[in-house]
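The following exercises are to be worked through with the sequence and the three-dimensional structure at hand. Each task is followed by a solution in steps.

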Number of protein chains: 2
Amino acid sequence: MSESATVTVSGRRVKHPETARLRLETVLGALADPVRLSIVCALADGHEDMACVAFELPVSKSTSTHHFRVLREAGIIRQYYVGTARKSGLRVDDLEERFPGLLASVLNAERGRREEHPDDPA
Amino acid sequence: MSESATVTVSGRRVKHPETARLRLETVLGALADPVRLSIVCALADGHEDMACVAFELPVSKSTSTHHFRVLREAGIIRQYYVGTARKSGLRVDDLEERFPGLLASVLNAERGRREEHPDDPA
DNA sequence: ATCGTAGTACGACTATTGTCAAACTATGAG
DNA sequence: CTCATAGTTTGACAATAGTCGTACTACGAT
């Protein structure tokens, strides 16, 4: 189980939109969903490069795939394969370049909400 | 036509959500539409307290009403009647209090986009 | 009182979205 | 090779959202 032995990065390549082509409405729309917002929050909260399965989302596998795809196609996350796992990371720098301050304010607001209602799952 | 003579502010009162109850997802969802984004932008661009009709939106009257309602119920704008006209203003302070930096970054991003594509109506 | 203007309400229609289950693919482990 | 794991794809479904036209209400002007 040596770390590098499990890395494959094979065929399965994933399309990501270029930073310059990210659209504001698409990004806002992608963030306007509780499940996706919780994913983004988890990634920002030090859980960078988590496998999809590790999020324990309250939805089925296929729905989860769907949400990750929406986030990826909006340009919010970047995904790559490591073995069978698909890891995701926030495109913080790209987002900051294209929409300065946006991600930070969204994360800040969402964290505030979570302090108010720590039990609320959504 | 003395200014104050046309002000009525009569029956027709409008419901606005309290600042403390504004929900992030709702706000993001409301902003994730080209028509509504253009309304918000126009209001921010010094056209505060415009009547709905003055926006010249590329949609029908009833659709326009719909979009203004979405913005109002999300807590992004405040509306009040002046005669038959319904004027709208951005709730900048409320939004800043609840979601610091959010509106500013969205407006900034949208303005940037408009400089890139000045002809693009959406 | 009548008319025009500004906006709302309602119903209909279409497109999009969030959801799931089932079948499938790719990879690593044994 | 075979099996389990992680994720994708497809098709279906219900709910939501954006759109419109028509009918309606409220107000100001004449």
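Helices and strands are here DSSP runs, of at least four residues for a helix and at least two for a strand, numbered from the N terminus. The model is a predicted one.

**Exercise 1. Determine where B:Glu56 lies, and whether this residue is buried or exposed.**

Solution.
Step 1. Locate the residue: B:Glu56 belongs to the loop that runs between strand S1 (50-51) and H3 of chain B.
Step 2. Read the backbone angle: the phi of B:Glu56 is near 50°, which is a positive value in a residue other than glycine.
Step 3. Apply the cut-off: a residue is exposed when its relative accessible area is over 50%. B:Glu56 has a relative accessible area of 71%, so B:Glu56 is exposed.
Step 4. Turn to chain A: A:Glu56 sits in the loop between strand S1 (50-51) and H3 of chain A. Its phi is near 50°, again positive in a residue that is not glycine, and A:Glu56 is exposed at 71% relative accessible area.

**Exercise 2. Describe the order of helices and strands in chain A.**

Solution.
Step 1. Count the elements: chain A contains five helices and three strands.
Step 2. Read along the sequence: the pattern is α-α-β-α-β-β-α-α.
Step 3. Consider burial: 43% of the 122 residues of chain A count as buried.
Step 4. Consider the contacts: among those in chain A with a separation of 6 or more, 68% join residues 24 or more positions apart.

**Exercise 3. Find by what turn and shift chain A can be laid on chain B.**

Solution.
Step 1. Begin with the principle: two copies of a chain are related by a rotation about an axis and a shift along it.
Step 2. Insert the values: a turn of 180° and a shift of 0.0 Å along the axis lay chain A on chain B with an RMSD of 0.0 Å. This is the relation of a two-fold axis.
Step 3. Examine the interface: 100% of the interface residues of chain A are also interface residues in chain B, so the copies meet through the same surface.

**Exercise 4. Analyse helix H3 of chain A: what is its span, and what do its buried residues pack against?**

Solution.
Step 1. Establish the span: H3 (residues 61-74) of chain A has 14 residues and reaches 20 Å from its first C-alpha to its last, close to the 20 Å expected at 1.5 Å a residue.
Step 2. Identify the buried residues of H3(A): they are A:Ser64, A:His67, A:Phe68, A:Leu71, A:Arg72 and A:Ala74.
Step 3. Identify their partners: these buried residues pack against helix H1 (24-31), helix H2 (34-44), strand S2 (77-82) and strand S3 (85-90) of chain A.
Step 4. Look just after the helix: A:Gly75 takes a positive phi of about 90°.

**Exercise 5. State which residues of H1(B) are buried and what covers them.**

Solution.
Step 1. List the buried residues of H1(B): B:Leu24, B:Glu25, B:Val27, B:Leu28, B:Ala30 and B:Leu31.
Step 2. Draw the conclusion: six of the eight residues of H1(B) are buried, so this helix is largely enclosed by the rest of the structure.
Step 3. Name the cover: it includes H1, H2 and H5 of chain A, together with helix H2 (34-44), helix H3 (61-74) and H5 of chain B.

**Exercise 6. Determine how many cavities of 30 Å³ or more the whole structure holds, and which residues line the largest cavity.**

Solution.
Step 1. Recall the approach: rolling a probe the size of a water molecule over the atoms shows where empty space is left.
Step 2. Give the count: a search of the whole structure finds two cavities of 30 Å³ or more.
Step 3. Describe the largest cavity: its volume is about 40 Å³, and its lining consists of A:Val27, A:Leu31, A:Ile76, A:Leu95, A:Phe99, A:Leu102 and A:Leu103. H1 and helix H5 (102-116) of chain A are the elements that give two or more residues to this lining. By class, the lining has seven nonpolar, no polar and no charged residues.
Step 4. Describe the second largest cavity: about 30 Å³ of space lies in it. B:Val27, B:Leu31, B:Leu95, B:Phe99, B:Leu102 and B:Leu103 form its lining, which divides into six nonpolar, no polar and no charged residues.

Terms used. Residues are numbered from 1 along each chain as its sequence is written. Chains are lettered from A and ligands numbered from 1 in the order in which they are written. This is a predicted model: local features need pLDDT of at least 70, side-chain atom pairs count only at pLDDT 80 or more; totals for chains, interfaces and linings use all residues. Side-chain values use heavy atoms; hydrogens and water are left out. Copies are superposed by least squares on the C-alpha atoms of residues with pLDDT of at least 70 in both. Contact means heavy atoms within 4.5 Å. The expected span of a helix is 1.5 Å times one less than its number of residues. Buried means under 20% relative accessible area, exposed over 50%, partly exposed in between (1.4 Å probe, protein chains only). On a 1 Å grid over the protein atoms alone, a cavity is a set of points where a 1.4 Å probe fits but cannot get out, and a pocket is an open set with protein on both sides within 12 Å along at least five of seven lines; lining residues have an atom within 4 Å of a point. Grid points are joined across faces, edges and corners, and a volume is the space filled by probe spheres set on the points. Ala, Val, Leu, Ile, Met, Phe, Trp, Tyr, Cys and Pro count as nonpolar, Asp, Glu, Lys and Arg as charged, and the others, Gly among them, as polar.
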